[in-house]
Amino acid sequence: MCKQKILSKNNFVHALHKSKSVNMEFITFKTNINSESAIEKIAPLLNTIVGKANWQIDISSSDRKLTAYSQSILNEIEIINAIHKAGFSATSIEDYYLIY
């Protein structure tokens, strides 16, 4: 069973401030990933692309937000393709709100 930790926004920011990294890249996606079993399905792909500790999904939010973060440059298209490969949808939050 996947135990990807889901942090509140405040705890997430606090955890990042505690880390030694200062320059982080963040990308947030609106997804349809809505359960622990869905997280288990997508976890191996996200772990490979962005790293095991470099993503989180908030399945309690209406947007089912996936946040990916890294000290290096993230490939938004690669993340979206991995999510689609697992059978889910994902749109960059920035792009989503520009479209709608």
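pLDDT is the predictor's confidence in each residue, on a scale from 0 to 100. I start there since what you see above is a predicted model. The chain averages a pLDDT of 80, and 72% of the residues score at least 70. Two stretches fall well below that. Over residues 1-5 the pLDDT stays under 50, and the model has 10 contacts for them beyond four places in sequence. Residues 7-11 also stay under 50, with 3 such contacts. I will leave those stretches aside and talk about the rest.

First, the overall layout. The secondary structure comes to 4 helices and 4 strands. Reading along the sequence, you meet them in the pattern α-β-α-β-β-α-β-α. The chain has 100 residues, and 36% of them count as buried. Take the contacts between residues at least 6 apart in sequence: 68% of these join residues at least 24 apart. As for the surface, the chain exposes about 6,400 Å², and carbon and sulfur atoms supply 51% of that.

Now the interior. Which residues of the largest nonpolar core touch the most other members? They are Ile33, Trp55, Leu66, Ile79 and Ile83, out of 20 residues in that core. Five elements give two or more residues to this core: strand E1 (25-31), helix H2 (36-50), strand E2 (55-58), strand E3 (65-70) and helix H3 (76-85). H2 gives the most, with 6 residues.

Ile79 is a useful one to click on. Setting aside residues up to four places away in sequence, Ile79 touches Phe29, Leu46, Ile49, Val50, Leu66, Ala68 and Leu74.

Next, helix H2 itself. Its buried residues are Ala38, Ile39, Ile42, Ala43, Leu46 and Val50. On spacing, there is a general point: an α-helix has 3.6 residues a turn, so residues three or four places apart point the same way. With that in mind, look again at the positions of Ala38, Ile42, Leu46 and Val50, which are among the buried residues of H2. The cover over the buried residues of H2 includes E2, E3 and H3. H2 is not straight throughout: at Ile42 there is a bend of about 40°, and a proline, Pro44, follows within four residues. Just after H2 comes Gly51, with a positive phi of about 105°.

From there I move to the loop between E2 and E3, where Ser61 is found. Is Ser61 buried or exposed? Buried means under 20% relative accessible area. Ser61 has a relative accessible area of 15%, so Ser61 is buried. A polar atom of the Ser61 side chain lies 3.2 Å from the backbone nitrogen of Lys65. Ser61 and Asn34 are 27 residues apart along the chain, and their C-alpha atoms are separated by 9.3 Å.

Arg64 lies in that loop between E2 and E3 as well. Its phi is near 50°, a positive value in a residue other than glycine. Arg64 counts as partly exposed because its relative accessibility is 26%.

Arg64 leads us to Thr31. The backbone oxygen of Arg64 lies 2.6 Å from a polar atom of the Thr31 side chain. Thr31 has its place in strand E1. Thr31 counts as buried because its relative accessibility is 7%. Leaving aside neighbours within four places in sequence, Thr31 is in contact with Asp63, Arg64, Leu66, Ser89 and Ala90.

Ser89 in that list is worth following. Where is Ser89 found? It sits in the loop between H3 and strand E4 (90-92). Ser89 and Thr31 are 58 residues apart along the chain, while their C-alpha atoms are separated by 5.4 Å. Beyond four places in sequence, the contacts of Ser89 are Lys30, Thr31, Asn32, Ile83 and His84. Ser89 counts as partly exposed because its relative accessibility is 35%.

One last residue, at the other end of E1. Met24 is found in the loop between helix H1 (9-18) and E1. Met24 has a relative accessible area of 22%, so it is partly exposed. Met24 and Ile73 are 49 residues apart in sequence and 8.6 Å apart in space, C-alpha to C-alpha.

To recap: the largest nonpolar core takes the most residues from H2, and Thr31 in E1 is in contact with residues that include Arg64 and Ser89. When you look at the start of the chain, remember that the pLDDT is under 50 over residues 1-5 and over residues 7-11.

Technical notes
Residues numbered from 1 in each chain as written. Heavy atoms only, no water. Core = buried A, V, L, I, M, F, W, Y, C linked by side-chain atoms within 4.5 Å. Buried < 20%, exposed > 50% of the residue type's maximum accessible area, 1.4 Å probe, protein only. Contact = heavy atoms within 4.5 Å. Polar contact = N/O pair within 3.5 Å; in protein donor to acceptor, adjacent residues only side chain to side chain. Areas by Shrake-Rupley, 256 points an atom, 1.4 Å probe, with all protein chains shown as cover. Bend = angle between axes of the 7 residues up to and from the residue.
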